[in-house]
Amino acid sequence: MSKAGMYIKMAAAFTVLSVGGPAALFYFQPTDEELFKRYNPELQRKSLENRQGRQQDFDNFVTKLKEYSKSDRPIWEAAAQDEARTRANAAEDQKKAAAEIQKRREEIKRQAINGQ
């Protein structure tokens with residue numbers, strides 16, 4: 001066989017694989033609606049119940065990514081800094097709540113002592 005024939009066969013094989021592969025994937029891959037219809041009714045109900053929460057989580061994620069991308073630092077550094085700030089705020093809130101609980105306990109003890 002000549003070199004030209006070999007190049008033609010290789011070009012044809014490349015075209016079939018590079019065009020036919022994605023086309024076959026597009027044809028055989030089920031859509032989200034088809035997958036949802038295959039769920040049993042209980043899973044469909046749970047999916048519908050959780051859809052709003054998942055959508056809200058995704059929207060929050062995208063909003064944070066947009067906020068991080070506005071920074072001049074890389075996104076992962078901005079995310080790490082925001083996560084550290086969130087942890088610090090949570091720890092501070094937890095300390096405040098513990099102090100408030102302690103105050104309530106002391107107040108209850110005082111009322112119990114005064115009430116006797």
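How exposed is glutamate 42, judged by its relative accessible area? Let's work that one out, then carry on along the chain.

This is a predicted model, where local features need pLDDT of at least 70 and side-chain atom pairs count only at pLDDT 80 or more, while totals for chains, interfaces and linings use all residues. Residues are numbered from 1 along each chain as its sequence is written, and side-chain values use heavy atoms, with hydrogens and water left out.

**Exercise 1. Place glutamate 42 on the accessibility scale, then find its salt-bridge partner.**

Step 1: get the scale straight. Buried means under 20% relative accessible area, exposed means over 50%, and partly exposed is in between (1.4 Å probe, protein chains only).

Step 2: apply it. Glutamate 42 has a relative accessible area of 46%, so it is partly exposed. Lysine 46, at 37%, is partly exposed too.

Step 3: look for the pairing. A salt bridge needs a side-chain nitrogen of Lys or Arg within 4 Å of a carboxyl oxygen of Asp or Glu. Lysine 46 and glutamate 42 make one, at 3.5 Å from N to O.

Step 4: see where they sit. Both are in helix 3 (residues 41-70), four residues apart, or about one turn of the helix. Helices here are DSSP runs (H or I, at least four residues), numbered from the N terminus.

**Exercise 2. Sort out the salt bridges of arginine 85 and glutamate 92.**

Step 1: count the total. The structure holds seven salt bridges, and you've just met one of them, between lysine 46 and glutamate 42.

Step 2: take arginine 85. Its side chain meets that of aspartate 82 at 3.6 Å, N to O. Both lie in helix 4 (residues 75-115), three residues apart, about one turn of the helix.

Step 3: check exposure. Arginine 85 is partly exposed at 43%, whereas aspartate 82 is buried at 13%.

Step 4: ask what else aspartate 82 touches. Contact means heavy atoms within 4.5 Å. Leaving aside neighbours within four places in sequence, aspartate 82 is in contact with Lys64 and Tyr68.

Step 5: move on to glutamate 92. Glutamate 92 pairs with lysine 96, with the closest N and O atoms 3.6 Å apart. These two also lie in helix 4, four residues apart. Glutamate 92 is partly exposed at 42%, while lysine 96 counts as exposed at 52%.

**Exercise 3. Check the span of helix 3 and locate its kink.**

Step 1: work out the expected span, which is 1.5 Å times one less than the number of residues. For the 30 residues of helix 3 that gives 44 Å, and the end C-alpha atoms are 43 Å apart, so the two agree.

Step 2: find the kink. The bend at a residue is the angle between axes fitted to the seven residues ending there and the seven starting there. Helix 3 has a kink of about 40 degrees, centred on arginine 51.

Step 3: look at arginine 51 itself. Arginine 51 lies over the face of phenylalanine 36, at 5.8 Å from the ring centre. To qualify, NZ of Lys or CZ of Arg must be within 6 Å of the ring centre and within 35 degrees of the ring normal.

Step 4: pick up serine 47, also in helix 3. Serine 47 is buried at 16%. Not counting residues up to four places away in sequence, it touches Phe36, Tyr39 and Arg54.

**Exercise 4. Describe helix 1 and the aromatic pair formed by tyrosine 27 and phenylalanine 28.**

Step 1: do the span again. Helix 1 (residues 3-28) has 26 residues and reaches 36 Å from its first C-alpha to its last, close to the expected 38 Å.

Step 2: find the bend. Helix 1 bends by about 30 degrees at glycine 20, and proline 22 follows within four residues.

Step 3: turn to the rings. Rings of Phe, Tyr and Trp (its six-membered ring) pair if their centres lie within 6.5 Å; planes under 30 degrees apart are stacked, over 60 edge-to-face, and the rest tilted. The whole structure has two aromatic pairs. One of them joins tyrosine 27 and phenylalanine 28, edge-to-face, at 5.0 Å centre to centre with 80 degrees between the planes. Both residues, tyrosine 27 and phenylalanine 28, are exposed.
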